[in-house]
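User: I've just opened this one and don't know my way around yet. Can you walk me through it?

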Amino acid sequence: FNLTPDTPYTYRVWAINAGGESLWSEVFTQSTLPNPPVTPTNLIGIPSSSYITLVWNSVVGATAYEIMPDGEEPYINNGAGTSYVHSGLLPNTHHTYRVRAVNSGGKSDWTTEIGVNTLLESPAIPANLSGSATHTEITLTWDAVQNAAYNIEVDGISIFCNTNTTYIHTGLLPGIE
């Protein structure tokens, strides 16, 4: 007798002995378990400096999703949601993730592992901007900011200075502001 997954079947029973047969029992219904869900698809990680947001496609028949961050157990039970925020992370660190779908019939395979790096923290505001002038140029300097490059704005025009903490504005005419 081949049973079909996720299908209800009804049963009843009667007894027999030398004295005869009993009446039928009450009807009992039991369903077979559904097939395990398929593996989720399109797992992506969206980084910030202190958390990573994971999102994936929902799976038909899944009642929950489990997440494995950085290969660690126990797995995180995410309920039926198809997104998860892994918070409390350090900036510029690497993390790996896998997700699987779950229902009463079992668990899917894990997704292919993805790797996501948190972003660097936003840099501090450069401090101590100062300058010195000659008749035809102005030299500006400022304090270095860790892991940063710089843009300077000169009369509304943005100029990329790379990692230099000095900018020399040349070609100026004497006595003109």
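User: Let's start with a hollow. Which residues line the second largest pocket?

Analyst: Before that, a heads-up: this is a predicted model, where local features need pLDDT of at least 70 and side-chain atom pairs count only at pLDDT 80 or more, while totals for chains, interfaces and linings use all residues. Residues are numbered from 1 along each chain as its sequence is written, and side-chain values use heavy atoms, with hydrogens and water left out. A pocket is an open set of points on a 1 Å grid over the protein atoms alone, where a 1.4 Å probe fits and protein lies on both sides within 12 Å along at least five of seven lines; lining residues have an atom within 4 Å of a point. By that rule the lining is Pro91, Leu120, Glu121, Ser122, Pro123, Ala124, Val145, Gln146 and Asn147.

User: How do the residues of that lining divide into nonpolar, polar and charged?

Analyst: Ala, Val, Leu, Ile, Met, Phe, Trp, Tyr, Cys and Pro count as nonpolar, Asp, Glu, Lys and Arg as charged, and the others, Gly among them, as polar. Sorted that way, the lining has five nonpolar, three polar and one charged.

User: Where is threonine 111, and is it buried or exposed?

Analyst: Threonine 111 is in the loop between β11 (106-107) and β12 (114-117); strands are DSSP runs of E, at least two residues, numbered from the N terminus. Leaving aside neighbours within four places in sequence, it is in contact (heavy atoms within 4.5 Å) with Thr39, Pro40, Leu43, Arg98 and Val99. Buried means under 20% relative accessible area and exposed over 50%, with partly exposed in between (1.4 Å probe, protein chains only). Because its relative accessibility is 8%, threonine 111 counts as buried.

User: Which residues of β12 are on its uncovered face?

Analyst: Side chains in a regular strand alternate between the two faces of the sheet. In β12 the covered face has Ile114 and Val116. The uncovered face has Gly115 and Asn117.

User: How many residues of strand β7 are buried?

Analyst: Ala64, Glu66 and Met68 point one way from β7 and Tyr65, Ile67 and Pro69 the other, and all are buried. So β7 (residues 64-69) is largely enclosed by the rest of the structure, the buried count being six of the six.

User: Which residue in β10 is the bridge partner of alanine 64?

Analyst: Two strands pair if DSSP finds at least two bridges between them. β7 and β10 pass that with six bridges, in the antiparallel sense. Across from alanine 64, the bridge partner in β10 is valine 102.

User: Which residue takes a positive phi in the hairpin of β7 and β8?

Analyst: β7 and strand β8 (residues 76-77) pair in the antiparallel sense over two bridges, and isoleucine 67 stands opposite isoleucine 76. The hairpin has six residues between the strands. With a phi near 55°, the residue is aspartate 70.

User: By how many degrees are neighbouring strands turned on average in the sheet β5-β6-β9?

Analyst: This is an open sheet of three strands with antiparallel pairing. Its edge strands are β5 (44-47) and β9 (83-86), each pairing on one side only. Axes are lines fitted to C-alpha atoms, and angles run from 0 to 180 degrees between N-to-C directions. Direction ignored, the average turn is 20°.

User: Which strands stand at the edges of the sheet β13-β14-β17?

Analyst: Here too three strands form an open sheet with antiparallel pairing. The edge strands have a single partner strand each, so one side of each is left without a neighbour in the sheet: β13 (130-133) and β17 (166-169).

Note on methods
Helix = DSSP H or I, 4+ residues; strand = E, 2+ residues; numbered from the N terminus.
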